Amino acid sequence: DLDEDLGSTIDQEVARIASTFDPERDFILGHGPEAAPDGFLIAVHGEDRGGETSVEFWTVDPAARGHGIGKALLCEASREAARLGLPSLRVRCLASSASAARVLWDCGFRVAALTNWLFAGRRRECVVFEQRVAGE
């Protein structure tokens, strides 16, 4: 049911993100052809989180999953965060998504918190992962 709800959720979040997007702290990455990417990632800062940068969206088209696209996007996000001089990068994933958690762990992210997340109109348990990307 998550993939069915994703379209309207993404539209709402992209509008919210666009209003505060800061190219010095935020970035968008895509994988595949620009006209029809098979994966993308959006990382933005949050004033409510002390200005830290977090991945707000990280998704791969269901038909393209299992081919390393999600991992490639996360590795590129880590490099981009380091290039921007950010101290760390955070990513949320649903607690029920063992595959996402495994990819995050494989990319060097570690568990930073457990929390709830309002996603597609429902509260869901999630795990917050963090990776230090620049020396402090």
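These questions and answers go through a predicted model, from its fold to its core and cysteines.
Residues are numbered from 1 along each chain as its sequence is written. Local features need pLDDT of at least 70 and side-chain atom pairs count only at pLDDT 80 or more, while totals for chains, interfaces and linings use all residues, and side-chain values use heavy atoms, without hydrogens and water.

Me: Which pattern does the protein follow along the sequence?
Reply: Helices (H or I, at least four residues) and strands (E, at least two) are DSSP runs, numbered from the N terminus. The protein has three helices and six strands. Read along the sequence, the pattern is α-β-β-β-α-β-α-β-β.

Me: What percentage of the 136 residues count as buried?
Reply: Buried means under 20% relative accessible area, exposed over 50% and partly exposed in between, with a 1.4 Å probe and protein chains only. Of the 136 residues, the share that counts as buried is 38%.

Me: Which element gives the largest share of the largest nonpolar core?
Reply: A nonpolar core is a set of buried Ala, Val, Leu, Ile, Met, Phe, Trp, Tyr and Cys residues joined through side-chain atoms within 4.5 Å. The largest one has 23 residues, and Leu-74 and Leu-104 are among those with the most contacts inside it. Elements giving two or more residues include strand 1 (27–31), strand 6 (122–132) and helix 3 (98–106). The largest share, five residues, comes from helix 2.

Me: Which elements do the buried residues of helix 2 pack against?
Reply: Helix 2 has 15 residues and spans 21 Å from first C-alpha to last, close to the expected 21 Å (1.5 Å times one less than its number of residues). Its buried residues include Ile-69, Leu-73, Leu-74 and Ala-77. They pack against strand 1, strand 2, strand 3, strand 4, helix 3 and strand 6.

Me: Which residues does Leu-104 touch, not counting residues up to four places away in sequence?
Reply: Leu-104 lies in helix 3. At 0% relative accessibility, Leu-104 is buried. Its C-alpha is 7.4 Å from that of Phe-129, 25 residues apart along the chain. With contact meaning heavy atoms within 4.5 Å, Leu-104 touches Trp-58, Leu-74, Val-91, Cys-93, Phe-109 and Phe-129.

Me: What distance separates the C-alpha atoms of Gly-39 and Leu-73?
Reply: Gly-39 sits in strand 2. Gly-39 is buried, at 2% relative accessible area. Its contacts beyond four places in sequence include Leu-29, Thr-59, Ile-69 and Leu-73. Gly-39 and Leu-73 are 34 residues apart along the chain, yet their C-alpha atoms are separated by 7.8 Å.

Me: Why is Cys-126 not bonded to Cys-93?
Reply: A disulfide is a covalent bond between the sulfur atoms of two cysteines. Here it is called for a pair of cysteine sulfur atoms within 2.5 Å. Cys-93 is buried at 4% relative accessible area, and Cys-126 at 2%. There is no bond because the sulfur of Cys-126 is too far from its closest cysteine sulfur, in Cys-93, at 7.6 Å.

Me: Which residue lies over the face of Trp-105?
Reply: A charge sits over a ring if NZ of Lys or CZ of Arg is within 6 Å of the ring centre and within 35 degrees of the ring normal. The distance from the ring centre here is 3.8 Å. The residue over the face of Trp-105 is Arg-110.
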